[in-house]
Amino acid sequence: TPDRQGHPGPARLGNHLNQPTSNGRPRPRAASPRRQRFATALWGLRLAWAECGLLVAGSGAVMVVRGVLPAVLALVLKELVDAVVEALAAPEAAATVPVWLVAIFVLALVEGITWFQQRYLDLRLEDELEAHLSVAVVHHASTLSLTFLEDPGRRDLIDRARSNPGQRLAGLIRQLRITVTMGIQAASLLAVLVVIEPWVAVVIPVVSIPFLGFQWRLAQRRYDEQHARVTKARWSRYYSDLATGPYEAPETRILDLGPLLLRRYRSLLEGFRDRDKSLHRGDLVGSSVATLVLVVGLYGLFARLAFDVLQGSATVGDLAIFTGAAGRLRASVDQAIRSLSLALEESLFVANVEEFLGTRTTEVRGQRRLPPSTGGSSLRLLDVSFSYPGRDRPVLSGISFEVRPGETTALVGENGAGKTTLAKLIAGLYRPDEGSILLDGVELRDVDPDDLRDRVSFIFQSFGRYEGTAAENIGFGDWRRLLDRPDEIEAIARRAGIDPLVRTLPEGLSTLLGRRFGQVTLSGGQWQQLALARGLARNGSLIILDEPTANLDPRAEYEIFLRFKALVADRTALIVSHRFSTIAMADNIIVLADGRVAESGSHAELLAREGTYAALYRLHREQMPDEGQLRDPGQPPDRE
Ligand code: ADP
C-alpha cells in the first residue's frame with residue numbers, strides 16, 4: 001500500500017476521506033438519502049427542461065411509445081396465432097390473417113425506428129447538457145473567492161463537479177427514462193400475462209425484490225468508491241504530470257524521480273483496479289443469483305401453462321404469447337432494476353454538481369466607486385490581521401502603515417514573513433480578518449471589484465507564463481482595452497524596455513510562446529520581462545511589484561532599476577524585494593517580521609536606528625562587497 005512505501009500523500013489524505021466535506025456540509029450520502037436523491041433528480045430534470053425542453057419532451061414521448069409497444073405486439077401476436085389456428089379448421093376465417101400480419105409489420109417498424117430516435121435524442125441531450133453544465137461549473141468557479149479555490153479540501157468538491165457534469169446529468173435522465181420505459185413495458189406485459197396466468201402477478205414482484213435491493217446496494221458502493229477516490233485520483237494525475245510534463249522533466253530526470261513516481265502512481269492505479277475488480281465480481285455473482293431466481297419463477301409458470309394447454313384449459317395462442325412475452329417481461333424487469341440503480345449512481349454524481357453550483361462564498365460584492373485619481377492612490381492600513389483558512393497561526397497581525405499618493409514603499413522581510421500575503425490583501429485578493437485597508441479613503445471591502453481591478457496593477461512573484469502570443473502575454477494586463485490594439489502593446493513593450501527581447505522572437509510580438517502550444521519557449525528571466533510589461537499595461541494608480549526582478553540577469557535588473565521611476569511614473573508603488581539597490585530607493589521601507597511591522601522609515605532612518613534592517617543590510621554588504629556602488633540610490637554606477 002502507499003503507506004508502506006513511506007508515501008506522504010494519498011495515504012495520509014486517505015484518512016480524511018470518511019470525514020465531512022471541507023465546507024462543513026455532510027456528504028450527500030449522509031444527508032437524508034432518499035429525499036436528497038429525489039430532489040437531485042428533480043433539480044436535474046428542471047435544469048434539462050430549461051436548457052433543452054424540446055429534446056426532453058421528445059424523449060418523453062418516445063419513451064411512452066416504446067413502453068407500450070411490446071404489450072401491443074404480444075396482443076397482436078396472440079390474435080395472429082389464434083386467427084391462424086382458426087383458419088386451419090375453417091379456411092374462410094383466413095381473411096383476417098393478413099390484417100394482423102400488416103399490424104405486426106408496422107409495429108416492428110415503429111419499434112426499430114423509435115430505437116434510433118431515442119438514441120439520437122439521448123446523444124443530443126448529452127451534448128447540450130455537457131456544453132451547458134461544463135461552462136456553468138467553470139463560470140461558477142470564477143465567481144468564488146480565492147481562499148475557497150486555494151483550499152485543498154475544496155479542490156475535491158470542484159474536481160467532482162468538473163468531471164463531465166453534463167454527461168452525468170444526461171446519464172441520470174437516460175437511466176430514469178429507461179427505468180420508466182421498462183416499467184411501462186413490464187406493467188403492460190404483466191397486464192397481458194395476468195389474464196393468461198394470474199400467478200404472474202405474484203411471482204414476478206416477489207422474485208424481483210431481492211434483485212432490486214442488490215443492485216441498489218451495488219450502485220451505492222460504486223458511488224462511494226468513486227467519491228472516495230477523488231483525492232487519490234488527483235494524486236495519480238499529479239504523479240503522471242510530474243513524470244511526463246515538459247516543465248518538470250529536467251529536474252525529475254536529474255533526481256531520477258521516475259522510478260519513485262512510477263511506484264506511487266502504480267500503487268494508486270492498482271488500488272483502483274483491485275477495488276473495481278471486487279465490485280465487478282460482486283455484480284457478477286449477485287446478478288447471476290438474481291437471474292436464476294427470476295428465471296426459475298417465470299419458467300415455472302411457463303411449465304404450468306404448458307400443462308394447462310395439454311389439459312385443454314388454455315389455448316396454443318396463450319402458450320405462444322406467454323413464450324414471447326414472458327421472456328420480454330424478464331428482460332424488462334431486469335433492465336428496469338439495473339437502470340434504476342444506475343440512475344441512483346448518476347444522481348449521486350449530479351448531487352455533487354448541484355452542491356458545487358449551490359456553494360456561495362460569504363463575500364459580499366462591494367458597490368462603492370473609488371474617487372477619481374489623477375496621480376497615484378493613497379493607501380492606509382489600520383490594524384490589519386489575516387490568517388489563511390484552516391491555519392491556526394495568523395500570517396499578519398496588527399499591520400498599520402500609510403502610503404501617500406505617488407510614493408514608493410518597499411516591503412522587506414525574511415521568507416514567509418507575509419509580504420506576498422500583505423500585497424494580495426492590498427490588491428483585494430483576500431479580505432482581512434480584522435482591521436481595514438483604505439484605498440483613496442474608501443474601505444477596500446466596499447469597493448466595486450471592477451473599479452478596484454482597473455486601479456491596481458500587480459506583477460506577481462509567481463507570474464503567469466501564458467500559452468499565447470507575446471502580444472497576448474502583454475495585452476492580458478488590460479485585455480479589454482488592448483487585445484485589438486497591437487500598436488499600443490508595442491508601445492508598452494518599448495516602455496518596459498523589452499524590445500530587445502521582442503526582436504529575438506521569430507515573429508516578433510506575434511510569436512506563439514510556451515511549451516504546450518508554442519513555437520518558442522522563453523527563459524525564466526524572459527518570461528519575467530514579459531510579466532513586467534504586462535503589469536505596466538494597465539493604467540492603474542497603484543502598482544504592486546512582488547520581486548519583479550528575481551529572475552532577471554544583472555543587466556536587465558539594472559535597466560529596471562535605472563528606469564524604475566519612469567516605469568512607475570506618478571503611480572503609487574508597493575514593491576517587495578530582497579535587493580537593497582531597489583529597496584534603498586523607496587520613499588518608505590516597511591520591515592515585516594513574524595507577521596508584524598518590525599520597523600519602518602527611509603533607508604537612512606532605518607540604518608541610523610541600528611535595528612533589523614541595519615543588521616540585514618550589513619550582512620548583505622559583507623556578502624556582496626562588489627555591489628557597493630549599487631547600494632547608494634543617489635549615485636547609480638556607470639554601465640560597463
Ligand atoms: P513572503 O512573501 O514574505 O515570503 P508569504 O506571504 O508568501 O510570505 O507567506 C506567509 C506565510 O503564509 C507562509 O508561512 C506561507 O506558508 C503562508 N501562505 C502563503 N500563501 C498561502 C496560501 N495560499 N494558503 C495557506 N498559507 C499560505
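**Close-up views of the predicted model**

**Ligand shell by residue class.** The shell around the ligand is made up of four nonpolar, five polar and four charged residues, as given by this predicted model. Of the 13 residues around the ligand, those that come nearest are G416, G418, K419, T420 and T421. Among the secondary-structure elements, helix α11, which spans residues 419-426, gives the most to this shell, contributing three residues.

**Polar atoms of E150, Y388 and T420 beside the ligand.** On the nitrogen side of the ligand's chemistry, two side chains can be picked out: a polar side-chain atom of E150 lies 3.0 Å from a nitrogen atom of the ligand, and an N or O atom in the side chain of Y388 is 3.2 Å from a ligand nitrogen atom. For T420, the partner is an oxygen atom of the ligand, which is 2.8 Å from an N or O atom in the T420 side chain. The ligand taken alone exposes 560 Å², and the protein buries 66% of that area.

**Helix α11 and the residue that follows.** How many of the eight residues of α11 are buried? The helix is mostly covered, with seven of its eight residues buried, namely K419, T421, L422, A423, K424, L425 and I426. K419 and T421 thus appear in this buried set and also among the residues that come nearest to the ligand. After the helix comes G428, a residue with a positive phi near 80°.

**The four-stranded sheet.** Four strands form an open sheet, in the order β2-β1-β4-β5, with antiparallel pairing. Its edges are strand β2 (396-403) and strand β5, each of which pairs on one side only. Strand β1, residues 379-386, pairs with β4 in the antiparallel sense over five bridges; within this pairing, the bridge partner of L382 in β4 is S436, and that of L379 is L439. L439 also takes part in the pairing with β5, where its bridge partner is V442, and β4 and β5 pair over two bridges, again in the antiparallel sense.

**The β4-β5 hairpin and the D440-R455 salt bridge.** The hairpin of β4 and β5 has two residues between its strands, and D440 takes a positive phi near 50° there. D440 also forms a salt bridge with R455, in which the closest N and O atoms are 2.9 Å apart. Because D440 lies in the loop between β4 (434-439) and β5 (442-443) while R455 belongs to helix α12 (residues 449-455), the pair ties together parts that are 15 residues apart in sequence. Both D440 and R455 are buried.

**The E197-R304 salt bridge.** Side chains of opposite charge can pair when their charged atoms come close. The structure holds 35 salt bridges, and one of them is formed by the side chains of E197 and R304, with an N to O distance of 3.4 Å. This pair links distant parts of the chain, 107 residues apart, with E197 in the loop between α6 (165-196) and α7 (200-244) and R304 in helix α9, residues 258-310. Are the two partners buried or partly exposed? E197 counts as buried because its relative accessibility is 1%, under the 20% cut-off, whereas R304, with a relative accessible area of 42%, is partly exposed.

**The R494-E490 salt bridge and a network of charged residues.** In the salt bridge that R494 forms with E490, the closest N and O atoms are 4.0 Å apart. Both residues lie in helix α15, which covers residues 486-495, and they are four residues apart, about one turn of the helix. R494 is partly exposed, its relative accessible area being 45%, and E490 is likewise partly exposed, at 42%. Elsewhere, salt bridges that share partners join R155, D156, D159, R162, R234 and R237 into one network.

Key: Residues are numbered from 1 along each chain as its sequence is written. This is a predicted model: local features need pLDDT of at least 70, side-chain atom pairs count only at pLDDT 80 or more; totals for chains, interfaces and linings use all residues. Side-chain values use heavy atoms; hydrogens and water are left out. A residue is near a molecule or strand if one of its heavy atoms lies within 4 Å of it. A polar contact is a pair of N or O atoms within 3.5 Å; within protein, one must be able to donate a hydrogen and the other to accept it, and residues adjacent in sequence count only if both atoms are side-chain atoms. Accessible areas come from the Shrake-Rupley method with a 1.4 Å probe; for residues, only the protein chains shown count as cover. Ala, Val, Leu, Ile, Met, Phe, Trp, Tyr, Cys and Pro count as nonpolar, Asp, Glu, Lys and Arg as charged, and the others, Gly among them, as polar. Buried means under 20% relative accessible area, exposed over 50%, partly exposed in between (1.4 Å probe, protein chains only). Two strands pair if DSSP finds at least two bridges between them.
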